[in-house]
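Let's walk through this one together, starting with a bit of vocabulary and then looking at how the pieces pack.

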Amino acid sequence: MHNLPFHSLYDWMLTTWVNKVVLGYPWSWPTLESLHFLGLCVLMGALLVMDLRLIGFQRTIPLKAVHSLMPWALAAFSINLLTGVGFFFGDPYNYAGNWSFWAKMLLVVLAGLNFLFYFFAVEPKLLRLGPNDPTPALAKVVGVLSLTFWFGVLAFGRLLPYLGTGGG
Amino acid sequence: MAFFAWLEASGLAEWVRSSSVGYPTVITLHAIGMAIMVGLCVIVDLRLLGKFDGIPYQSLQRLLPVAWVGFGINSLSGTGLFVAQATMFATDLMFIAKIVLVFLGAATAAILQPELAKAGTWPGGVPPANVRRVAIISIVFWLAAIVTGRLTAYIMIFI
């Protein structure tokens with residue numbers, strides 16, 4: 001698979017200390033996997049509460065309180081970004097040659113853009129809403145898209161070893 | 001052991017093992033159910049320990065049925081994954097530890113759910129010390145369940 005685009009980048013990754021740490025100890029990969037799963041649980045838990053509120057469930061939750069979940073969601077995402085980069089440095093050709101990985105990354109980007117749109121364009125208008133106020137249609141769309149993208153990320157991530165294993 | 005061998009020879013076990021869609025579908029459902037159950041339970045635990053204090057306890061109590069849907073998905077998908085390799089899992093201490101921790105985690109959720117309904121009577125909105133203690137234990141059980149569950153794929157300790 002050394003005809004992949006950016007293959008010189010992947011070759012460089014294989015020479016880095018990150019690669020040595022990820023592959024050099026029997027506990028490295030299982031530790032990264034465990035952290036990746038812990039991160040995904042916290043991220044999805046926070047997102048479920050946030051997005052279900054945006055869609056219109058549990059309207060007794062004030063939108064300011066929804067905002068207070070964001071640091072936890074972002075911290076969990078950061079753990080998964082770091083551990084994910086670790087996996088990629090450990091086995092770049094396996095991921096880069098797998099369409100399921102790129103589908104997952106595309107969904108992460110879409111989810112990120114959806115979040116930025118919510119953060120800058122939608123949330124400022126919502127913070128005036130009190131408890132029990134219905135959310136506008138735009139907020140419901142953001143909530144549905146967020147859950148769709150993130151569950152898609154989870155599914156493609158878990159299916160990665162079984163779909164399109166063209167790399168390696 | 002004969003029972004686990006019988007499970008392993010069942011049609012469901014055969015399907016999970018050999019169908020090209022069986023195992024990937026079941027393992028993906030297992031990750032989705034985990035995210036829903038553990039994710040919501042950890043948010044509830046953190047709320048009881050004083051985080052995101054703008055979220056009313058009662059609204060989280062009403063979200064817990066969603067968590068139980070996740071648990072249901074995982075009971076079914078987990079049964080499929082178990083029967084596919086029943087004789088192996090039944091003798092693997094890592095798996096046994098994981099499954100015990102999962103049920104202990106679920107038990108803490110079942111204990112906390114009715115407690116959340118009493119939140120209106122908590123002075124200053126602070127849960128009683130025993131409820132906070134269950135919330136801490138709950139987080140520990142879930143963290144340990146995730147780690148041991150993930151490690152079943154890497155480290156087997158046969159008894």
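Two residues are in contact here if their C-beta atoms, placed from the backbone, lie within 7 Å. Helices are DSSP runs (H or I, at least four residues), numbered from the N terminus. This is a predicted model, so local features need pLDDT of at least 70 and side-chain atom pairs count only at pLDDT 80 or more, while totals for chains, interfaces and linings use all residues. Residues are numbered from 1 along each chain as its sequence is written, and chains are lettered from A in the order in which they are written.

Start inside chain B, with helix 6 (residues 93–117). Its 25 residues reach 37 Å from first C-alpha to last, close to the 36 Å expected at 1.5 Å a residue (1.5 Å times one less than the number of residues). Among its buried residues (20 or more other C-beta atoms within 10 Å of their own) are Phe95(B), Lys98(B) and Leu101(B). The buried residues of helix 6 pack against helix 3, helix 4, helix 5 (86–89) and helix 7 of chain B.

Now for the partner chain. In chain B, 28 residues are in contact with 28 residues of chain A. Helix 3 (22–48), helix 4 (57–84) and helix 7 (129–151) of chain B each supply at least two residues of that side, and the largest share, 13 residues, comes from helix 3 of chain B.

What do the two helices 3 do? The axes of helix 3 (residues 28–55) of chain A and helix 3 of chain B, lines fitted to C-alpha atoms over the stretch in contact, come within 7 Å and cross at roughly 75 degrees (on a scale from 0 to 180 degrees between N-to-C directions). That makes them roughly perpendicular, the label for 65 to 115 degrees.

Methods:
Parallel < 35°, antiparallel > 145°, perpendicular 65-115°, else oblique. Buried ≥ 20, exposed ≤ 12 C-beta atoms within 10 Å, placed from the backbone.
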